[in-house]
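Here is a short briefing on a single chain. Take the confidence first where you can, then the contacts.

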Amino acid sequence: MDPFDWKPMPSIGVGTREIRIRAGGNFRVIYLVTRNTAIYVLHAFHKKSQKTRLQDIKASQKVLRELGK
């Protein structure tokens, strides 16, 4: 079952998604689901603008690369 408010994040990597959380501000959690058996949280942050900052994308990509090792 998919979360209520999410979108794919192919700029980070295959299978990554972003959950949007609106509670006292706008927050995002970027994660990867593998074979419906595991969820890896790659990065979580407070989003202050429409566009996702490059440093948040790069932080997520770095963790994803580390998972692949």
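A salt bridge here is a side-chain nitrogen of Lys or Arg within 4 Å of a carboxyl oxygen of Asp or Glu. Arg 53 and Asp 56 satisfy this, with their side chains meeting at 3.0 Å, N to O. The model is predicted. By the rule above, the count comes to four salt bridges.

**Confidence**

- The protein chain has an average pLDDT of 89. At least 70 is the score of 94% of the residues.
- Helix 1 (residues 54–68) has the highest confidence, at a mean of 94. Strand 3 (residues 26–34) has the lowest, at 90.
- Where pLDDT is low, predicted coordinates should not be read in detail.

**Salt bridges**

- Side chains of opposite charge can pair when their charged atoms come close.
- Arg 53 is partly exposed, because its relative accessibility is 41%. Its partner Asp 56 is buried, because its relative accessible area is 4%.
- Asp 5 and Arg 22 form a salt bridge through their side chains, at 2.4 Å, N to O. This pair links distant parts of the chain: Asp 5 is in the segment before strand 1, Arg 22 is in strand 2, and they are 17 residues apart.
- Asp 5 counts as buried, because its relative accessibility is 18% and the cut-off for buried is under 20%. Arg 22 counts as exposed, because it reaches 55% and the cut-off for exposed is over 50%.
- Asp 5 and Arg 22 also belong to a network of salt bridges, together with Arg 20.
- Arg 28 and Glu 18 meet in a salt bridge at 3.7 Å, N to O. This pair too links distant parts of the chain: Arg 28 lies in strand 3, Glu 18 lies in strand 2, and ten residues separate them in sequence.
- Arg 28 is buried, because its relative accessibility is 8%. Glu 18 is buried as well, because its value is 1%.

**Nonpolar core**

- Which residues make up the largest nonpolar core? The eight residues are Met 9, Ile 12, Ile 30, Leu 32, Leu 42, Phe 45, Ile 57 and Leu 64.
- Strand 3, strand 4 and helix 1 are the elements that give two or more residues to this core.
- In soluble globular proteins, nonpolar side chains tend to be buried together.
- Leu 42 is in contact with several other core members, including Ile 12, Ile 30, Leu 32 and Leu 64. Its contacts also take in Thr 16, Tyr 31, Ser 60, Val 63 and Leu 67. Neighbours within four places in sequence are left aside in this list.

**Surface patch**

- Tyr 40, Val 63 and Leu 67 form a nonpolar patch on the surface. Together they have about 220 Å² of accessible area.
- Tyr 40 sits in strand 4 (residues 38–47). Tyr 40 counts as partly exposed, because its relative accessibility is 35%.
- Leu 67 belongs to helix 1. Leu 67 is also partly exposed, because its relative accessibility is 38%.
- What does Leu 67 touch, not counting residues up to four places away in sequence? Leu 67 touches Tyr 40 and Leu 42. Tyr 40 is a patch member, whereas Leu 42 is part of the largest nonpolar core.
- Leu 67 and Thr 37 are 30 residues apart in sequence. In space they are 15 Å apart, C-alpha to C-alpha.

**An exposed loop residue**

- Val 14 is found in the loop between strand 1 (6–8) and strand 2 (16–22).
- Val 14 is exposed, because its relative accessible area is 83%.
- Val 14 and Leu 64 are 50 residues apart in sequence and 9.9 Å apart in space, C-alpha to C-alpha. Leu 64 is one of the residues in the largest nonpolar core.

Technical notes
Residues numbered from 1 in each chain as written. Predicted model: local features only at pLDDT ≥ 70, side-chain atom pairs only at ≥ 80, totals over all residues. Heavy atoms only, no water. Patch = residues over 30% accessible without salt bridge, like charges linked within 9 Å, V, L, I, M, F, W, Y side chains within 5 Å. Areas by Shrake-Rupley, 256 points an atom, 1.4 Å probe, with all protein chains shown as cover. Helix = DSSP H or I, 4+ residues; strand = E, 2+ residues; numbered from the N terminus. Buried < 20%, exposed > 50% of the residue type's maximum accessible area, 1.4 Å probe, protein only. pLDDT = per-residue confidence, 0-100. Core = buried A, V, L, I, M, F, W, Y, C linked by side-chain atoms within 4.5 Å. Contact = heavy atoms within 4.5 Å.
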